[in-house]
Amino acid sequence: MSWDLLLTHASLATFVGEATYGLLTDAALACQDGRIAWIGPMRELPAAATATAREVHDADGALVTPGLIDCHTHLVFGGDRAQEFDLRLNGATYEAIARAGGGIVSTVRATRGASEDALLAQSLPRARSLMADGVTTLEIKSGYGLELDAERRMLRVARRIGMELGIHVQTSFLGLHALPPEYKERREDYVDLVCNELLPALADEGLVDAVDAFCEGIGFTRAETQRVFEHARQLGLRVKLHAEQLSDLDGAALVAEFGGLSADHLEYLSDTGIQAMARAGTVAVLLPGAFYALRETKLPPVASLRSHGVPIAIATDCNPGTSPLLSLRLAANMACTLFRLTPEEALRGITVNAARALGLHDRGTLAVGKRADLVMWNATQPAELCYWIGGGLVRKVWLGGLAGA
């Protein structure tokens, strides 16, 4: 059996089957043509496999997991908002900063003023930091341009990050992120622009994988969000939503009505929204980095999400204002300590459920036929990935069966 890659004597967290973590100890995994070709106990490995495989790694009991998936980031942006961090710690609220011209709009100014190459140069180190922590699939949103050329630059940079680093990048068009200054008194005109010009143009250029919106009192109304979702549906694009972060506008139920991939944040999520998500199969993406950075106290309704069988994913929400977080593993730790998820729930949240939140069914578990995105860790038990607060635990990464940089 001439496989491209063979890992032996590994502890495999497959996230498949009934066992906790889908754990297989003293196991082997083989890859061929970028996919997992064989997986099972060492005792069942064909006798000639180690002699005929092109590349063999003895894990010596080390933990191997699917590549991690960060399913909600705003990683491409100009400048930073360290000053606002200072203001918040001196008593200013997120809403007060936003209404005074800070927040998202301040990043819009910096992003509009940056060239595509400058945005790429600023964004690549952030992507590399996530990859160094085991991320092999990454979602990146637009939403700091809020006009055609700047939104295009952001989405082009997202695509270039994928090509430059060999990582899979999914893009989300977030035109309804904030009201740009030039449309301050013309909300309806801006929503028209997003629906009729920005979204169709960027989708036609192949830059959009999904459509997102910020449905919130300081963002956009449920009716405005519904309009852009209707246009997304006409273009054959899936939708997701920033919902119920600061208040309950029934956004989760709305995105569920559209068969949405995910509803994200969800601190103020109601039972009505949870039930709608459960019926639609919409994933709940929890973002503990923003909860932590904003010093929030309203916890997302984890127990109710569990009881209704809503899949829970975890993401960094990497952004310059409310979650400058560059470690998905740390986000998983925060989900455990702040939201009381179990380590298994958190790890499923950054693998199999995160894949589902992006509509990707070819990754997130270790199973035959799945994409061979793999991480070998300096750890032997899955819980260690949530237990350690920071620190470099990655030993080796494979992207589609090929060793990462």
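**Helix 6 and two cavities**

Just after helix 6, Gly 166 takes a positive phi of about 75°. The model is predicted, so local features need pLDDT of at least 70 and side-chain atom pairs pLDDT 80 or more, while totals for chains, interfaces and linings use all residues. Residues are numbered from 1 along each chain as its sequence is written, and side-chain values use heavy atoms, without hydrogens and water.

Helix 6 covers residues 148–165 (helices are DSSP runs of H or I with at least four residues, strands runs of E with at least two, numbered from the N terminus). Its 18 residues reach 26 Å from first C-alpha to last, close to the 26 Å expected at 1.5 Å a residue, a span taken as 1.5 Å times one less than the number of residues. At the start of helix 6, a side-chain oxygen of Glu 147 comes to within 3.1 Å of the backbone nitrogen of Asp 149.

Among the buried residues of helix 6 (under 20% relative accessible area, 1.4 Å probe, protein chains only) are Met 154, Leu 155, Val 157 and Ile 161. The buried residues pack against several elements, including helix 5 (116–132), strand 8 (168–176) and helix 7 (187–204), where contact means heavy atoms within 4.5 Å.

The model also has two cavities of 30 Å³ or more. A cavity is a set of points, on a 1 Å grid over the protein atoms alone, where a 1.4 Å probe fits but cannot get out; lining residues have an atom within 4 Å of a point. Volume is the space filled by probe spheres set on the points, which are joined across faces, edges and corners. The largest cavity has about 130 Å³, and His 74, Tyr 94, His 177, Asn 319 and Thr 322 lie nearest its centre. The second largest cavity holds about 50 Å³.

Notes: Buried means under 20% relative accessible area, exposed over 50%, partly exposed in between (1.4 Å probe, protein chains only). A polar contact is a pair of N or O atoms within 3.5 Å; within protein, one must be able to donate a hydrogen and the other to accept it, and residues adjacent in sequence count only if both atoms are side-chain atoms. On a 1 Å grid over the protein atoms alone, a cavity is a set of points where a 1.4 Å probe fits but cannot get out, and a pocket is an open set with protein on both sides within 12 Å along at least five of seven lines; lining residues have an atom within 4 Å of a point.
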